[in-house]
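Subject: Structure for you to look at, with notes on its pockets and cavities

Dear colleague,

I am handing over the structure below and would be grateful if you could look through it alongside my notes. They follow the order in which I would suggest reading them.

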Amino acid sequence: MSLLLGLALTMAAALAPPARAAAKAPVAGGTLEQVRQRGALRCGVNTGLPGFGAPDSNGEWSGLDVDVCRAVAAAVLGDAHKVHFIPLGSRQRFSSLAAGEIDLLSRNTTWTLSRDVQGMEFAPPVYYDGQAFMVRRSFHARSVRELDGATICVQQGTTTEVNLADYFQSTGMKYTPLAIEDLGELVAAFFAGRCDAYTTDASALAATRAAQTTSADDYLILPELISKEPLAPAVRKGDEQWFDIVKWTIYALIEAEERGITKANVQDNLASAAPGVQRLLGVRTGAGLGKSLGLDDQWAVRIIAQVGNYGEVFERNVGRNSVLRLNRGLNALWNQGGLMYAMPIR
């Protein structure tokens with residue numbers, strides 16, 4: 001080898017980007033085993049968002065995100081009530097998950113690229129949302145385009161704050177942000193008239209308005225959405241088995257609705273001759289799908305019997321019969337004009 005060639009090779013090696021270390025194989029069943037030994041699932045939820053995660057006067061939690069926690073507990077522990085709900089602020093939620101203080105984050109969290117690559121693994125979205133604006137009906141605006149020059153309340157440290165800045169920059173409009181990290185303080189600021197509009201996910205606006213029992217009709221949610229907000233549960237990276245359990249729990253909720261299996265009829269469906277129903281409910285000879293998750297074959301039966309299917313969860317918490325009165329919209333099943341689609345359970 002010539003001296004020049006040797007020098008060239010040495011320099012190339014020095015300038016080349018360092019090779020990535022091989023990813024460590026996840027410890028099979030690490031989180032699953034911890035949850036079983038503890039006898040309870042630790043689930044990070046909102047500090048109080050009606051329809052998604054909020055306690056009542058007796059400390060009993062309810063909401064769409066809460067029911068996702070209960071569904072995982074039913075699959076893993078056999079009892080949907082074996083959950084320790086841990087209320088977390090918008091910034092605490094990520095550090096608590098990373099530190100192992102919770103097993104599952106189910107707290108109206110948007111799935112984004114930056115979050116996905118920084119230690120979190122997102123399960124399928126459980127609610128497709130978008131960022132909107134709420135104003136008092138006495139305010140002049142009936143469209144987002146009429147908020148030029150407005151003072152807008154926004155939660156500090158969230159994607160909502162970034163979306164707000166991006167939208168106004170792209171439209172050339174001006175605004176004054178009133179950014180507050182504490183959600184309760186932020187909402188109080190809006191209702192006290194410190195800002196002209198309040199922006200967050202449309203579903204959260206509906207929940208906030210519904211909580212104003214004596215004056216809800218005084219507030220208007222403007223029709224436009226300025227972002228895509230796929231709200232999804234998240235787990236830590238590195239435990240593929242636990243990720244699979246959470247992921248397929250959500251798919252089981254959706255698949256049950258697709259097949260018309262409900263809390264009321266799940267036991268009757270154990271005798272169904274339909275192969276897809278048999279596989280979902282663990283009675284298909286030779287399927288063994290529960291074992292592949294580290295569970296028994298009745299995992300989905302427990303989810304449906306104790307929590308219901310996705311449609312039941314939706315209607316109970318945020319649908320037309322709830323205080324939020326939300327339409328299914330994008331959250332309808334894929335064959336009914338929505339985006340809810342379960343990967344095949346087979």
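N331 sits in the segment that comes after α14 (310-317), and in this predicted model that residue has a relative accessible area of 2%, so it is classed as buried. Although N331 and Y128 are separated by 203 residues in sequence, their C-alpha atoms are 6.1 Å apart in space. When neighbours within four places in sequence are left aside, the contacts of N331 are V126, Y127 and Y128, together with Y310, F314 and M340.

Y127, one of those contacts of N331, also leads to the open spaces of the model, since it is among the residues closest to the centre of the largest pocket. That pocket holds about 360 Å³ of space. Its lining consists of 19 residues, and those closest to the centre are Y127, D129, A202, L326 and N327. Both β7 (127-129) and α8 (202-210) supply at least two residues of this lining, and α8 gives the most, with four. Sorted by class, the lining of the largest pocket comprises nine nonpolar residues, five polar ones and five charged ones. At least three of the lining residues come from domain 1 (31-126 + 233-259 + 308-331), and at least three from domain 2 (133-228).

The second largest pocket, with a volume of about 160 Å³, likewise draws at least three lining residues from each of domain 1 and domain 2. Its lining is made up of R137, A206, R209, A210, Q212, T213, A216, D217, Y219, V323, L324 and R325. Which helix makes the largest contribution to the lining of this second pocket? The largest share is that of α8, which provides three residues; α8 is also the element that gives the most to the lining of the largest pocket. In terms of class, the lining of the second largest pocket divides into six nonpolar, two polar and four charged residues.

I turn next to strand β8 and its partners. Five of the six residues of β8 (residues 131-136) are buried, so the strand is largely enclosed by the rest of the structure. β8 runs antiparallel to β11 (residues 197-201), to which five bridges join it, and within this pairing A132 has T200 as its bridge partner. β8 also pairs with β12 (residues 219-221), again in the antiparallel sense, over three bridges; there M134 stands opposite I221.

T160, which belongs to helix α6 (residues 159-171), has contacts in both β8 and β11. Is T160 buried or exposed? Its relative accessibility is 8%, and because buried means under 20%, T160 counts as buried. Not counting residues up to four places away in sequence, T160 touches Q131, V154, T199 and T200.

The enclosed spaces remain to be described. Rolling a probe the size of a water molecule over the atoms shows where empty space is left. For this model the count comes to two cavities of 30 Å³ or more.

The largest cavity has a volume of about 230 Å³. It is lined by 19 residues, of which N108, Q155, T160, T200 and D201 are the closest to its centre, so that T160 and T200, which touch one another, appear again at this site. α6 and β11 each supply at least two of the lining residues, with β11 giving the most, namely three. The lining of the largest cavity divides into four nonpolar, ten polar and five charged residues. Where does this cavity lie with respect to domain 1 and domain 2? Both domains give residues to its lining, so the largest cavity lies between them.

The second largest cavity has a volume of about 30 Å³, and the residues that line it are R279, G282, A287, G288, L289, G290, D297 and W299. By class, these are three nonpolar, three polar and two charged residues.

With best regards

Technical notes
Residues numbered from 1 in each chain as written. Predicted model: local features only at pLDDT ≥ 70, side-chain atom pairs only at ≥ 80, totals over all residues. Heavy atoms only, no water. 1 Å grid on protein atoms, 1.4 Å probe; cavity = no way out; pocket = protein on both sides within 12 Å on 5 of 7 lines; lining within 4 Å. Points joined across faces, edges and corners; volume = space filled by probe spheres on them. Nonpolar A, V, L, I, M, F, W, Y, C, P; charged D, E, K, R; others polar. Domains from an automatic or database assignment. Buried < 20%, exposed > 50% of the residue type's maximum accessible area, 1.4 Å probe, protein only. Pairing = 2+ DSSP bridges. Contact = heavy atoms within 4.5 Å.
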